[in-house]
Amino acid sequence: MTTDTPTDVFEEHRPVLMGVAYRMLGRVADAEDVVQEAWLRWSAADRAEVREPRAYLVRVTTRLAIDRLRQVKARGEAYVGPWLPEPYATDFGDTVPDTAERAVLADSVSLAVLVVLESLSPVERAVFVLREAFGYPHADIAAMLDRSEPAVRQLAGRARKHVDEGRPRYEVDPAQRRELTERFLAAAAEGDLAGLMEMLAPDVRLIGDSGGKSKAPLRILETADNVGRFLVAVAGKGIPEMSFRFLELNGGPAVLILSGDTPDSVFQVDVSAGRIRSVYIVRNPDKLRSLASA
(Lines give C-alpha, C1' and ligand atoms only; values in the text may rest on other atoms or scores of the structure.)
Protein backbone atom coordinates (compact mmCIF):
# COMPACT_ATOMS: atom_id res chain seq x y z
CA MET A 1 0.00 0.00 0.00
CA THR A 2 1.45 3.35 -1.03
CA THR A 3 0.94 6.63 0.77
CA ASP A 4 2.50 8.79 -1.96
CA THR A 5 0.37 11.80 -2.84
CA PRO A 6 -0.11 12.95 -6.45
CA THR A 7 2.37 15.74 -5.68
CA ASP A 8 4.96 13.26 -4.35
CA VAL A 9 4.72 11.16 -7.50
CA PHE A 10 4.95 14.17 -9.79
CA GLU A 11 7.91 15.69 -7.97
CA GLU A 12 9.75 12.37 -8.15
CA HIS A 13 9.58 12.53 -11.93
CA ARG A 14 9.91 16.31 -12.38
CA PRO A 15 13.65 16.23 -13.27
CA VAL A 16 13.00 13.78 -16.11
CA LEU A 17 10.04 15.79 -17.36
CA MET A 18 12.07 19.01 -17.29
CA GLY A 19 14.89 17.22 -19.11
CA VAL A 20 12.52 16.08 -21.87
CA ALA A 21 10.82 19.47 -22.20
CA TYR A 22 14.06 21.46 -22.29
CA ARG A 23 15.65 19.21 -24.91
CA MET A 24 12.50 19.56 -26.98
CA LEU A 25 12.26 23.34 -26.71
CA GLY A 26 15.72 24.73 -25.89
CA ARG A 27 14.09 27.34 -23.65
CA VAL A 28 13.90 27.06 -19.87
CA ALA A 29 10.75 29.17 -19.44
CA ASP A 30 8.88 27.24 -22.13
CA ALA A 31 10.00 23.94 -20.61
CA GLU A 32 8.79 25.04 -17.17
CA ASP A 33 5.43 26.04 -18.66
CA VAL A 34 5.08 22.63 -20.29
CA VAL A 35 5.94 20.82 -17.06
CA GLN A 36 3.42 22.96 -15.17
CA GLU A 37 0.75 22.04 -17.73
CA ALA A 38 1.71 18.38 -17.32
CA TRP A 39 1.13 18.78 -13.57
CA LEU A 40 -2.36 20.17 -14.21
CA ARG A 41 -3.14 17.19 -16.46
CA TRP A 42 -1.77 14.80 -13.83
CA SER A 43 -3.71 16.36 -10.96
CA ALA A 44 -6.95 16.10 -12.96
CA ALA A 45 -6.34 12.56 -14.27
CA ASP A 46 -8.00 9.38 -13.09
CA ARG A 47 -4.80 8.07 -11.56
CA ALA A 48 -6.38 4.72 -10.71
CA GLU A 49 -6.19 3.98 -14.44
CA VAL A 50 -2.47 4.91 -14.65
CA ARG A 51 -0.30 1.83 -14.25
CA GLU A 52 3.06 3.52 -14.90
CA PRO A 53 3.11 7.17 -13.74
CA ARG A 54 6.54 7.91 -15.25
CA ALA A 55 5.51 6.69 -18.72
CA TYR A 56 2.22 8.57 -18.48
CA LEU A 57 3.90 11.81 -17.43
CA VAL A 58 6.64 11.58 -20.08
CA ARG A 59 3.96 10.94 -22.71
CA VAL A 60 1.93 14.00 -21.62
CA THR A 61 5.03 16.21 -21.40
CA THR A 62 6.29 15.12 -24.81
CA ARG A 63 2.98 15.81 -26.50
CA LEU A 64 2.67 19.21 -24.85
CA ALA A 65 6.22 20.06 -25.95
CA ILE A 66 5.44 19.00 -29.53
CA ASP A 67 2.40 21.30 -29.52
CA ARG A 68 4.45 24.19 -28.11
CA LEU A 69 7.20 23.65 -30.69
CA ARG A 70 4.66 23.61 -33.51
CA GLN A 71 3.23 26.91 -32.27
CA VAL A 72 6.69 28.50 -32.24
CA LYS A 73 7.46 27.27 -35.74
CA ALA A 74 4.03 28.37 -37.02
CA ARG A 75 4.63 31.90 -35.75
CA GLY A 76 7.86 31.96 -37.75
CA GLU A 77 9.47 34.23 -35.20
CA ALA A 78 12.37 36.25 -36.60
CA TYR A 79 15.46 36.22 -34.41
CA VAL A 80 18.16 38.87 -34.62
CA GLY A 81 21.58 37.29 -35.15
CA PRO A 82 22.62 33.68 -34.41
CA TRP A 83 20.37 31.64 -32.11
CA LEU A 84 21.58 29.53 -29.20
CA PRO A 85 19.54 27.57 -26.65
CA GLU A 86 18.91 29.13 -23.27
CA PRO A 87 21.68 28.03 -20.87
CA TYR A 88 20.46 25.22 -18.63
CA ALA A 89 21.99 24.10 -15.34
CA THR A 90 22.83 20.39 -15.53
CA ASP A 91 24.65 19.41 -12.36
CA PHE A 92 23.65 15.73 -12.29
CA GLY A 93 25.25 15.26 -8.86
CA ASP A 94 24.66 11.74 -7.53
CA THR A 95 21.47 11.27 -9.53
CA VAL A 96 23.35 9.79 -12.51
CA PRO A 97 26.23 7.69 -11.13
CA ASP A 98 27.06 5.81 -14.32
CA THR A 99 29.77 7.50 -16.37
CA ALA A 100 28.40 6.30 -19.71
CA GLU A 101 24.90 7.51 -18.86
CA ARG A 102 26.28 10.87 -17.75
CA ALA A 103 28.10 11.24 -21.07
CA VAL A 104 24.91 10.49 -23.04
CA LEU A 105 22.82 12.95 -21.02
CA ALA A 106 25.49 15.65 -21.25
CA ASP A 107 25.87 15.20 -25.00
CA SER A 108 22.12 15.28 -25.63
CA VAL A 109 21.77 18.64 -23.89
CA SER A 110 24.93 20.25 -25.31
CA LEU A 111 24.63 23.51 -27.23
CA ALA A 112 26.04 21.88 -30.37
CA VAL A 113 23.36 19.17 -30.40
CA LEU A 114 20.48 21.48 -29.47
CA VAL A 115 21.35 23.83 -32.32
CA VAL A 116 21.10 20.91 -34.76
CA LEU A 117 17.84 19.71 -33.19
CA GLU A 118 16.26 23.05 -34.15
CA SER A 119 16.25 21.87 -37.78
CA LEU A 120 14.26 18.69 -37.03
CA SER A 121 10.50 18.48 -37.19
CA PRO A 122 8.79 18.46 -33.78
CA VAL A 123 8.01 14.73 -33.99
CA GLU A 124 11.54 13.87 -35.17
CA ARG A 125 12.92 15.87 -32.28
CA ALA A 126 10.67 14.07 -29.81
CA VAL A 127 11.75 10.66 -31.11
CA PHE A 128 15.43 11.63 -30.96
CA VAL A 129 15.17 12.98 -27.41
CA LEU A 130 13.24 10.00 -26.06
CA ARG A 131 15.46 7.45 -27.80
CA GLU A 132 18.93 8.98 -27.61
CA ALA A 133 18.78 10.90 -24.33
CA PHE A 134 16.47 8.72 -22.26
CA GLY A 135 16.85 5.33 -23.90
CA TYR A 136 13.19 4.54 -24.46
CA PRO A 137 12.56 1.51 -26.71
CA HIS A 138 11.00 2.22 -30.10
CA ALA A 139 7.83 0.41 -29.04
CA ASP A 140 7.36 2.67 -26.00
CA ILE A 141 7.95 5.81 -28.07
CA ALA A 142 5.42 4.57 -30.62
CA ALA A 143 2.83 4.20 -27.85
CA MET A 144 3.60 7.68 -26.50
CA LEU A 145 3.23 9.32 -29.90
CA ASP A 146 0.43 7.12 -31.31
CA ARG A 147 2.67 6.03 -34.18
CA SER A 148 3.53 2.59 -35.48
CA GLU A 149 6.81 1.10 -34.31
CA PRO A 150 8.20 0.88 -37.89
CA ALA A 151 7.38 4.58 -38.39
CA VAL A 152 9.18 5.47 -35.15
CA ARG A 153 12.22 3.43 -36.17
CA GLN A 154 12.32 5.33 -39.46
CA LEU A 155 11.99 8.68 -37.70
CA ALA A 156 14.71 7.72 -35.21
CA GLY A 157 17.12 6.70 -37.95
CA ARG A 158 16.49 9.86 -39.95
CA ALA A 159 16.91 12.11 -36.91
CA ARG A 160 20.10 10.30 -35.78
CA LYS A 161 21.61 10.64 -39.26
CA HIS A 162 20.73 14.33 -39.43
CA VAL A 163 22.25 15.06 -36.03
CA ASP A 164 25.42 13.09 -36.80
CA GLU A 165 25.86 15.00 -40.05
CA GLY A 166 25.06 18.39 -38.58
CA ARG A 167 27.20 18.54 -35.47
CA PRO A 168 30.97 18.42 -35.14
CA ARG A 169 32.54 15.77 -32.92
CA TYR A 170 34.13 17.11 -29.77
CA GLU A 171 36.00 15.59 -26.88
CA VAL A 172 34.06 15.41 -23.64
CA ASP A 173 36.91 15.12 -21.11
CA PRO A 174 35.54 17.42 -18.38
CA ALA A 175 38.94 18.08 -16.80
CA GLN A 176 40.56 19.19 -20.05
CA ARG A 177 37.55 21.26 -20.99
CA ARG A 178 37.54 22.98 -17.61
CA GLU A 179 41.29 23.65 -17.77
CA LEU A 180 41.03 25.17 -21.24
CA THR A 181 37.99 27.20 -20.18
CA GLU A 182 39.95 28.69 -17.28
CA ARG A 183 42.95 29.52 -19.47
CA PHE A 184 40.65 30.94 -22.14
CA LEU A 185 38.91 33.19 -19.62
CA ALA A 186 42.21 34.45 -18.20
CA ALA A 187 43.68 35.21 -21.62
CA ALA A 188 40.51 36.91 -22.84
CA ALA A 189 40.22 39.04 -19.66
CA GLU A 190 43.86 40.13 -19.99
CA GLY A 191 43.57 40.87 -23.70
CA ASP A 192 46.32 38.31 -24.34
CA LEU A 193 45.99 37.72 -28.08
CA ALA A 194 49.05 35.46 -28.27
CA GLY A 195 47.72 33.32 -25.43
CA LEU A 196 44.34 33.03 -27.09
CA MET A 197 45.87 32.07 -30.44
CA GLU A 198 47.67 29.17 -28.77
CA MET A 199 44.36 27.76 -27.54
CA LEU A 200 42.15 28.42 -30.56
CA ALA A 201 41.94 25.92 -33.42
CA PRO A 202 42.65 27.52 -36.82
CA ASP A 203 39.02 26.94 -37.90
CA VAL A 204 37.44 27.97 -34.58
CA ARG A 205 33.95 29.46 -34.72
CA LEU A 206 32.41 32.00 -32.31
CA ILE A 207 28.63 32.04 -32.06
CA GLY A 208 27.16 34.97 -30.15
CA ASP A 209 23.49 35.15 -29.17
CA SER A 210 22.14 38.55 -28.20
CA GLY A 211 18.71 38.49 -29.81
CA GLY A 212 19.41 42.10 -30.76
CA LYS A 213 19.05 43.09 -27.09
CA SER A 214 22.73 43.53 -26.23
CA LYS A 215 26.05 43.74 -28.04
CA ALA A 216 27.27 40.56 -29.76
CA PRO A 217 28.31 39.64 -33.31
CA LEU A 218 25.32 39.45 -35.65
CA ARG A 219 27.03 36.71 -37.63
CA ILE A 220 29.16 33.71 -36.79
CA LEU A 221 32.86 34.61 -36.58
CA GLU A 222 35.35 32.16 -38.08
CA THR A 223 39.15 31.61 -37.91
CA ALA A 224 41.41 32.00 -34.91
CA ASP A 225 42.57 35.47 -35.97
CA ASN A 226 39.05 36.91 -36.20
CA VAL A 227 37.86 35.27 -33.00
CA GLY A 228 40.98 36.19 -31.04
CA ARG A 229 40.90 39.83 -32.11
CA PHE A 230 37.21 40.11 -31.32
CA LEU A 231 37.73 38.75 -27.81
CA VAL A 232 40.64 41.11 -27.16
CA ALA A 233 38.55 44.06 -28.36
CA VAL A 234 35.67 43.07 -26.07
CA ALA A 235 38.02 42.71 -23.08
CA GLY A 236 39.34 46.21 -23.72
CA LYS A 237 35.87 47.71 -23.22
CA GLY A 238 35.32 46.05 -19.84
CA ILE A 239 32.15 45.34 -17.89
CA PRO A 240 31.11 47.48 -14.88
CA GLU A 241 31.58 45.68 -11.54
CA MET A 242 32.55 42.51 -13.38
CA SER A 243 32.80 39.17 -11.61
CA PHE A 244 32.47 35.61 -12.78
CA ARG A 245 31.71 32.12 -11.57
CA PHE A 246 32.02 28.63 -13.02
CA LEU A 247 28.86 26.59 -13.50
CA GLU A 248 27.91 23.33 -15.16
CA LEU A 249 25.62 24.31 -18.00
CA ASN A 250 24.36 22.13 -20.82
CA GLY A 251 26.47 19.22 -19.69
CA GLY A 252 29.82 21.00 -19.43
CA PRO A 253 31.80 23.73 -17.69
CA ALA A 254 30.74 27.27 -18.45
CA VAL A 255 31.47 30.76 -17.17
CA LEU A 256 28.77 33.13 -16.00
CA ILE A 257 29.89 36.76 -16.26
CA LEU A 258 28.10 39.19 -13.96
CA SER A 259 27.87 42.97 -13.89
CA GLY A 260 27.23 43.63 -10.24
CA ASP A 261 24.50 41.13 -9.38
CA THR A 262 23.10 40.99 -12.93
CA PRO A 263 24.04 38.19 -15.36
CA ASP A 264 25.77 39.77 -18.35
CA SER A 265 26.78 36.76 -20.43
CA VAL A 266 27.59 33.06 -20.49
CA PHE A 267 30.73 31.68 -22.15
CA GLN A 268 31.22 28.05 -23.06
CA VAL A 269 33.74 26.29 -25.31
CA ASP A 270 33.93 22.98 -27.17
CA VAL A 271 37.28 21.23 -27.38
CA SER A 272 38.93 18.83 -29.82
CA ALA A 273 42.56 17.66 -30.01
CA GLY A 274 43.47 20.01 -27.16
CA ARG A 275 42.26 23.14 -28.95
CA ILE A 276 39.10 25.21 -28.69
CA ARG A 277 36.92 24.56 -31.74
CA SER A 278 33.78 26.52 -30.81
CA VAL A 279 33.10 29.48 -28.54
CA TYR A 280 29.52 30.13 -27.47
CA ILE A 281 28.47 33.47 -25.96
CA VAL A 282 24.92 34.04 -24.76
CA ARG A 283 24.13 37.69 -24.02
CA ASN A 284 20.39 37.82 -24.62
CA PRO A 285 19.15 39.01 -21.18
CA ASP A 286 15.93 37.02 -21.60
CA LYS A 287 18.00 33.82 -21.67
CA LEU A 288 20.03 34.69 -18.57
CA ARG A 289 17.25 35.38 -16.07
CA SER A 290 17.15 31.83 -14.77
CA LEU A 291 20.85 32.14 -13.82
CA ALA A 292 20.41 35.22 -11.63
CA SER A 293 20.46 33.07 -8.49
CA ALA A 294 22.86 30.43 -9.81
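Here is a short chat about helix packing and salt bridges in this predicted model.

Me: Why is helix 6 called oblique to helix 7?
Reply: The axes of helix 6 (residues 122-133) and helix 7 (residues 138-145) cross at roughly 140 degrees. Roughly antiparallel would need an angle over 145, and roughly perpendicular covers 65 to 115, so helix 6 counts as oblique to helix 7. The crossing is right-handed.

Me: Which residues make the contact of helix 6 with helix 7?
Reply: Val123, Val127, Leu130 and Arg131 of helix 6 meet His138, Ile141, Met144 and Leu145 of helix 7. They divide into 6 nonpolar, 1 polar and 1 charged.

Me: What makes arginine 59 and aspartate 146 a salt bridge?
Reply: Their closest N and O atoms are 4.0 Å apart, and the cut-off is within 4 Å. Arginine 59 lies in helix 3 and aspartate 146 in the loop between helix 7 and helix 8, so the pair ties together parts that are 87 residues apart in sequence.

Me: Why is arginine 59 called partly exposed, and why is aspartate 146 called exposed?
Reply: Exposed means over 50% and buried under 20%. Arginine 59, at 28%, falls in between, so partly exposed fits. Aspartate 146, at 55%, therefore counts as exposed.

Me: How do you know that arginine 177 and aspartate 270 are buried?
Reply: The limit is under 20%; arginine 177 has 11% relative accessibility and aspartate 270 has 7%, so both count as buried. Their side chains meet in a salt bridge (3.2 Å, N to O). That pair links helix 9 with strand 5, 93 residues apart.

Definitions and conventions: Residues are numbered from 1 along each chain as its sequence is written. This is a predicted model: local features need pLDDT of at least 70, side-chain atom pairs count only at pLDDT 80 or more; totals for chains, interfaces and linings use all residues. Side-chain values use heavy atoms; hydrogens and water are left out. Axes are lines fitted to C-alpha atoms, for helices over the stretch in contact, and angles run from 0 to 180 degrees between N-to-C directions. Helices (H or I, at least four residues) and strands (E, at least two) are DSSP runs, numbered from the N terminus. Angles under 35 degrees count as roughly parallel, over 145 as roughly antiparallel, 65 to 115 as roughly perpendicular and the rest as oblique. A crossing is left-handed if the near helix is turned anticlockwise from the far one by less than a right angle, and right-handed if clockwise. Contact means heavy atoms within 4.5 Å. Ala, Val, Leu, Ile, Met, Phe, Trp, Tyr, Cys and Pro count as nonpolar, Asp, Glu, Lys and Arg as charged, and the others, Gly among them, as polar. Buried means under 20% relative accessible area, exposed over 50%, partly exposed in between (1.4 Å probe, protein chains only).
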